[in-house]
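Have your viewer ready and the mouse in hand. We will go through the model stop by stop, with something to select at each one.

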Amino acid sequence: MGGLSIGQVAERTGLSVHALRFYEREGLLADQVRRESNGRRVYTEDDVEWLDMCIKFRSSGMPLDTIRKYTDLVRQGPGNEGDRLALLKSHQDYVSAQIAELNECLNVITWKVGCYQEALDAGQADCLWTAPSAHGEKSEAS
């Protein structure tokens, strides 16, 4: 029969077989996974695409409950697109805030790299921050 085995889907998505079973058990797949007569799961390309999207949602910090809510809305079919949009916009705002915070962190790190590079290039690395001495003296803040 056509379709993909759980092993093939695991390989393509990077999820473990255990994680795939978890996603199914938790109701995170848009369609019910078909089973062969011997009980083996048979996945479709649509399942793989859906899982790829769920992986991105999780990687970006979307809680499983929110993914489940989105999945439930999709399963309900037409008529709730506004609810789906609101859910996605809320997560988009969250991710945008994360990115802004990470950019601030990157700016500090980039500045610090510049300080070290400049000191090393000038042969003045001894003025960079050192560990406090055994006498409890404060080190220079660089």
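**First stop: one aspartate**

Select Asp72, which counts as partly exposed because its relative accessibility is 31% (buried means under 20% relative accessible area, exposed over 50%, and partly exposed in between, with a 1.4 Å probe and protein chains only). Asp72 is found in helix α4. Helices here are DSSP runs of H or I with at least four residues, strands are runs of E with at least two, and both are numbered from the N terminus.

Before going further, note that this is a predicted model, in which local features need pLDDT of at least 70 and side-chain atom pairs count only at pLDDT 80 or more, while totals for chains, interfaces and linings use all residues. Residues are numbered from 1 along each chain as its sequence is written, and side-chain values use heavy atoms, with hydrogens and water left out.

Keep Asp72 selected and add Arg75. The two form a salt bridge, with their closest N and O atoms 3.0 Å apart; the term stands for a side-chain nitrogen of Lys or Arg within 4 Å of a carboxyl oxygen of Asp or Glu. Why are these partners about one helical turn apart? Because Arg75 and Asp72 sit three residues apart in helix α4, which covers residues 64-76. Arg75 is partly exposed, at a relative accessible area of 41%.

Now add Leu28 and draw a distance between C-alpha atoms. Asp72 and Leu28 are 44 residues apart along the chain, and their C-alpha atoms are separated by 8.3 Å.

**Second stop: a charged trio**

Next, select Glu24, Arg35 and Arg41. Salt bridges that share partners join these residues into one network. As a reminder, side chains of opposite charge can pair when their charged atoms come close.

Take the Arg35 side first. The side chains of Arg35 and Glu24 meet in a salt bridge at 3.6 Å, N to O. This pair links distant parts of the chain, with Arg35 in strand β1 (residues 34-35) and Glu24 in helix α2 (residues 17-25), 11 residues apart.

Are these two buried, partly exposed or exposed? Arg35 is partly exposed at 41% relative accessibility, and Glu24 is partly exposed at 22%.

Then turn to Arg41. Arg41 forms a salt bridge with Glu24, and the closest N and O atoms are 2.5 Å apart. Here too the pair links distant parts of the chain: Arg41 lies in strand β2 (residues 41-42) and Glu24 in helix α2, with their positions 17 residues apart in sequence. A search of the whole structure finds six salt bridges.

**Third stop: along helix α5**

Move on to Gln98, which lies in helix α5, residues 81-121. Gln98 is partly exposed, with a relative accessible area of 31%. Add Gly114: Gln98 and Gly114 are 16 residues apart along the chain, and 24 Å separates their C-alpha atoms.

Ala97 is also placed in helix α5, and it is partly exposed at 47% relative accessibility. Pair Ala97 with Thr110, and you have 13 residues in sequence and 20 Å in space, C-alpha to C-alpha.

**Last stop: the whole chain**

Clear the selection and zoom out. The protein chain has five helices and two strands, running α-α-β-β-α-α-α from the N terminus on. Along the principal axes, its C-alpha atoms fill a box of roughly 75 × 35 × 30 Å. The radius of gyration is 25 Å, whereas a compact globule of 142 residues would have one near 14 Å; the value is taken over C-alpha atoms, and the globule rule is 2.2 Å times the number of residues to the power 0.38.

Try colouring by burial: buried residues make up 26% of the 142 residues. Colour by charge next, and the mean positions of the 16 positive and 22 negative charges are 10 Å apart. Lys and Arg count as positive and Asp and Glu as negative, without His and the chain ends, and each charge is placed at NZ of Lys, CZ of Arg, CG of Asp or CD of Glu.
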